[in-house]
Amino acid sequence: MTERYVKVYPRFERFWHWTQMVLIVALLFTGLGLNGLHTLIPFGPAVMLHTVAALALIVLWVFAIFWHLTTGTWKHYVPTRNGLVRVAKFYLFDIFKGDPHPYRKAYWRKHNPLQSITYLALKVILFPAVWITGLLALGWNFWEGAENATALAGWVTGIHLVAAYAIAAFVIAHVYLLTVGHSFREHVKPMITGFDKIDLTPEEEAYLETDEPDRIKPLT
């Protein structure tokens, strides 16, 4: 295996990541305001901003899903138990002792086993739960006359809040992990430049150097 800088985060993925971050922060901020946890923004503007940010995020997710399916990058999210216990042990204990990370990124596996499971849960459980319940709440006028509508609205609101708080917990943990191990700058830089240190097999290195030389560069 050879370690090289490889562009594993293409332009759209970086755009999607940072735009999603801004929209999620806007949704969390306005959502907390709508639930009375702060008064930094009036209720009316908070509703409008929350709605606009939510619709923009749904559109972004639709494009992101299409991009993942058509480019094959969905493979990075396929869960595996191989090395999962070692990675979990690292984040629970070994990281505080300064031990090196047990997982080394590969060309077709840039996420460690714990990241793959976490990101997959976000994409197939939490995100859909948020936007389905959000759309139902937004379209309340269309189903308010249904049987047991008030009780259903309570369930919709409850699921929406639980999923939103779970996403907020993920954001906090994600930001925290950027501050441990390597420097914050080293953690964030790949999602800005697109390049990260990757272990390459001889075949992968030869392919990149021959067919996609712009995606690979030496460490020095």
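**View 1. Phe-12 is partly exposed, with a relative accessibility of 25%.** This legend, like the others here, describes a predicted model. Phe-12 makes an aromatic pair with Trp-67, and the pair is tilted, with 5.5 Å from centre to centre and 45° between the planes. Follow the chain and you will find that the pair links distant parts of it: Phe-12 sits in helix H1 (residues 11–34) and Trp-67 in helix H2, 55 residues apart. Trp-67 has a relative accessibility of 13%, so this residue counts as buried. Phe-15 joins in as well, and together Phe-12, Phe-15 and Trp-67 make up one aromatic cluster.

**View 2. Phe-90 and Tyr-91 form an edge-to-face pair.** When you look at two aromatic rings like these, the distance of the centres and the angle of the planes describe the pair. Here the ring centres are 5.3 Å apart and the planes stand at 70°, which is why the pair counts as edge-to-face. Is Phe-90 buried or exposed? Phe-90 is buried, as its relative accessible area is 5%. Its partner Tyr-91 has 22% relative accessibility and therefore counts as partly exposed. If you would like to look for others, a search of the whole structure finds eight aromatic pairs.

**View 3. Helix H2 crosses helix H4.** Two packed helices are described by the angle between their axes and the distance between the axes. For H2 (residues 43–71) and H4 (residues 113–138), the axes come within 11 Å and cross at roughly 140°. Because of that angle, H2 is oblique to H4. The crossing of H2 past H4 is left-handed. Which residues make the contact? From H2 come Thr-51, Leu-55, Ile-58, Trp-61 and His-68, while H4 supplies Lys-123, Phe-127, Trp-131, Leu-135 and Leu-138. Sorted by character, the residues of this contact are seven nonpolar, two polar and one charged.

**View 4. Gly-36 lies in the loop between H1 and H2.** Where does Gly-36 stand on the scale of accessibility? Its relative accessibility is 59%, so Gly-36 counts as exposed. For a sense of distance, try Phe-66, which is 30 residues from Gly-36 along the chain. The C-alpha atoms of Gly-36 and Phe-66 are separated by 36 Å.

How values were computed. Residues are numbered from 1 along each chain as its sequence is written. This is a predicted model: local features need pLDDT of at least 70, side-chain atom pairs count only at pLDDT 80 or more; totals for chains, interfaces and linings use all residues. Side-chain values use heavy atoms; hydrogens and water are left out. Axes are lines fitted to C-alpha atoms, for helices over the stretch in contact, and angles run from 0 to 180 degrees between N-to-C directions. Helices (H or I, at least four residues) and strands (E, at least two) are DSSP runs, numbered from the N terminus. Angles under 35 degrees count as roughly parallel, over 145 as roughly antiparallel, 65 to 115 as roughly perpendicular and the rest as oblique. A crossing is left-handed if the near helix is turned anticlockwise from the far one by less than a right angle, and right-handed if clockwise. Contact means heavy atoms within 4.5 Å. Ala, Val, Leu, Ile, Met, Phe, Trp, Tyr, Cys and Pro count as nonpolar, Asp, Glu, Lys and Arg as charged, and the others, Gly among them, as polar. Rings of Phe, Tyr and Trp (its six-membered ring) pair if their centres lie within 6.5 Å; planes under 30 degrees apart count as stacked, over 60 as edge-to-face and the rest as tilted. Buried means under 20% relative accessible area, exposed over 50%, partly exposed in between (1.4 Å probe, protein chains only).
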